[in-house]
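Trainee: I should like to go through this structure by asking what justifies each term used for it. May we begin once it is displayed?

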Amino acid sequence: MKERVQDYTGRLLEKILSPQDVWFRHGDAQFIIVFAHADIKAAQLICGKIVETLHQTLLGHSDTSQITVKTALMEIDGSIAIGSARLDDLLHQAASQPERPADRTDPTAQPTHPHPTAQPAAQPQAEERRRPSLVGFALDNGEPPPQPKVLFRPVYDVKNKVISTYTCRPDLYTCRHINQITLDDVLQEEAIFDYDMETLCHAISTYNELYKNKFRYAQTIPVHFETLASARRRREYLQSCRMIPNYLIPFLAFELEGLPQGIPNGRLAEMVTMLRPFGRAAIVILREDTTDIAVYANAGVKGVGLSMDFRDGDQRCIDKINAFCPAPRKHGLFAYLDGIRNVEQFQAAIEAGAAYVGGAVIGKDSDVPEHMRRCTERQMLMRARVKARRESA
């Protein structure tokens with residue numbers, strides 16, 4: 001878990017610190033922060049907040065009385081003063097001592113000794129500069145938004161007659177909260193980015209654990225256009241990709257979501273090239289049929305998927321399946337269908353030439369991938385019919 005903790009700490013520092021502050025890693029377990037303007041008390045509070053957030057996120061709880069902030073201050077005469085305080089005490093001092101004009105640090109003054117009074121305004125200012133996170137959004141109904149949750153969806157490999165591929169999907173509540181953040185496009189993009197980062201970390205950490213237990217499967221990882229189109233988000237995402245163990249890369253593929261209509265070939269090719277060192281292939285998943293499939297093929301994409309809309313009736317879905325599947329194959333790409341719900345849609349997908357099929361008819365989304373299962377289309381259809389009869393009984 002060490003690399004995941006280090007990665008998450010780096011993301012947290014980017015959220016909390018101001019653009020003028022500088023941080024860098026030192027060794028395996030240390031981070032050095034150079035504060036541009038904060039006095040010693042404000043810096044202690046910010047560092048304490050970072051550790052508290054790490055405890056809460058990674059351990060599920062945080063006891064501020066057990067978090068100690070240690071400070072080493074070099075005086076102007078070269079001597080070093082060592083101090084230690086509990087985060088509880090620092091928070092109490094900050095809350096009980098109102099800021100006075102005389103307490104503000106003069107940036108031109110000589111740092112002959114640490115200022116004894118905290119600067120309560122420093123921490124709220126740092127909080128305001130934090131990158132928005134899905135867990136920080138308050139929706140109109142006042143319901144606290146959940147931590148992004150990632151589920152694994154089984155995918156049927158039509159050619160090899162096996163369920164050995166899994167793709168990551170958000171649970172219903174995560175989808176709902178992301179879709180409700182519509183007042184500000186930037187906030188929604190940040191929420192999507194948070195989900196992409198959580199998906200990447202969760203998928204890799206899960207596979208790494210299963211790999212050690214001799215468990216093998218193919219894993220596709222979704223990444224949205226909004227994540228790769230922003231220089232900052234792209235840099236952070238690729239930095240996390242570099243932590244993927246080399247032995248997992250042959251089992252991974254990236255699923256590009258939310259591509260805009262008419263995306264230039266050069267821009268898409270750049271995204272595919274950026275992801276190529278970290279997986280065996282890049283595929284595109286669509287919500288609606290598109291005429292850009294030739295562009296996808298020229299950019300190095302290996303397959304194109306279509307996600308069924310649950311609001312469409314059976315006939316509408318079947319019409320979409322029949323219209324979509326020939327287009328990727330025409331350009332040398334495989335066709336993938338997601339969200340297939342019943343026997344009729346599954347049969348239409350097979351007849352239309354889909355290479356991969358995912359959805360409720362294949363299996364439920366689960367917290368972890370399951371062992372490989374071999375079954376023919378006929379066996380899949382029989383099982384789906386039995387399941388449908390049980391549900392209607």
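**Strand pairing and the evidence for it**

Mentor: Strands S5 (residues 150-157) and S6 pair in the antiparallel sense, with eight bridges between them. Please keep in mind that this is a predicted model.

Trainee: What makes S5 and S6 a pair of strands?

Mentor: Pairing requires at least two bridges between the strands. S5 and S6 have eight, so the requirement is met. One of the contacts places Asp-157 as the bridge partner of Val-162 in S6. The two strands form a hairpin with four residues between them, and Lys-161 in the turn has a positive phi of about 55 degrees.

Trainee: Which other strands are joined to S6, and in which sense do they run?

Mentor: Strand S13 (residues 373-374) is joined to S6 by two bridges and runs antiparallel to it. Here Val-162 stands opposite Arg-374. Strand S7 (residues 218-224) is joined to S6 by three bridges and runs parallel; in that case Thr-167 stands opposite Thr-220. Two bridges for S13 and three for S7 each satisfy the minimum of at least two.

Trainee: Why is S6 described as largely enclosed by the rest of the structure?

Mentor: The description follows from burial: eight of the nine residues of S6 (residues 162-170) are buried, so the strand is largely enclosed.

Trainee: What makes His-224 buried or exposed?

Mentor: Buried means under 20% relative accessible area. His-224 has 13%, so it counts as buried. This residue is found in strand S7. Leaving aside residues up to four places away in sequence, His-224 touches Ile-192, Tyr-195, Asp-196 and Glu-257.

**Salt bridges**

Trainee: How do you know that Arg-11 and Asp-194 form a salt bridge?

Mentor: The rule asks for a side-chain nitrogen of Lys or Arg within 4 Å of a carboxyl oxygen of Asp or Glu. For Arg-11 and Asp-194 the N to O distance is 3.7 Å, so the pair qualifies. Arg-11 lies in helix H1 (residues 2-16) and Asp-194 in helix H6 (residues 185-212), so the pair ties together parts that are 183 residues apart in sequence. Arg-11 is buried, at 7% relative accessible area, and Asp-194 is buried, at 4%. By this rule the count comes to 16 salt bridges.

Trainee: What supports the salt bridge between Glu-255 and Arg-169?

Mentor: The N to O distance is 2.8 Å, which is within the 4 Å limit. Glu-255 is in strand S8 (residues 252-257) and Arg-169 in strand S6, so that the pair links distant parts of the chain, 86 residues apart. Glu-255 and Arg-169 are both buried.

Trainee: How do Glu-257 and Arg-287 stand against the cut-offs for a salt bridge and for burial?

Mentor: The closest N and O atoms of Glu-257 and Arg-287 are 3.3 Å apart, within the 4 Å limit. Glu-257 lies in strand S8 and Arg-287 in the loop between strand S9 (281-286) and helix H10 (293-298), 30 residues apart. At 8% relative accessibility, Glu-257 counts as buried. Arg-287, at 54%, is exposed, as exposed means over 50%.

Trainee: What is meant by calling a group of salt bridges one network?

Mentor: The bridges share partners, and in this way Arg-153, Arg-169, Glu-255, Asp-338 and Asp-365 are joined into one network.

**Helices and the surface**

Trainee: How do you know that the length of helix H2 is close to the expected value?

Mentor: H2 (residues 40-59) has 20 residues and reaches 28 Å from its first C-alpha to its last, and 28 Å is expected at 1.5 Å a residue. Its buried residues include Leu-45, Ile-46, Ile-50 and Leu-54.

Trainee: Why is Leu-58 called partly exposed?

Mentor: Partly exposed covers values between the 20% and 50% cut-offs. Leu-58 has 39% relative accessibility and therefore counts as partly exposed. This residue of helix H2 belongs to a nonpolar surface patch of about 390 Å², made by Met-1, Val-5, Leu-58 and Leu-59.

Trainee: What makes Cys-317 count as buried?

Mentor: Its relative accessibility is 0%, and buried means under 20%. Cys-317 is placed in helix H11 (residues 314-324). Cys-317 and Gln-345 are 28 residues apart in sequence and 7.1 Å apart in space, C-alpha to C-alpha.

Technical notes
Residues are numbered from 1 along each chain as its sequence is written. This is a predicted model: local features need pLDDT of at least 70, side-chain atom pairs count only at pLDDT 80 or more; totals for chains, interfaces and linings use all residues. Side-chain values use heavy atoms; hydrogens and water are left out. The expected span of a helix is 1.5 Å times one less than its number of residues. Buried means under 20% relative accessible area, exposed over 50%, partly exposed in between (1.4 Å probe, protein chains only). Contact means heavy atoms within 4.5 Å. Patches are made of residues with over 30% relative accessible area and no salt bridge: like charges are joined within 9 Å, nonpolar side chains (Val, Leu, Ile, Met, Phe, Trp, Tyr) within 5 Å. Accessible areas come from the Shrake-Rupley method with a 1.4 Å probe; for residues, only the protein chains shown count as cover.
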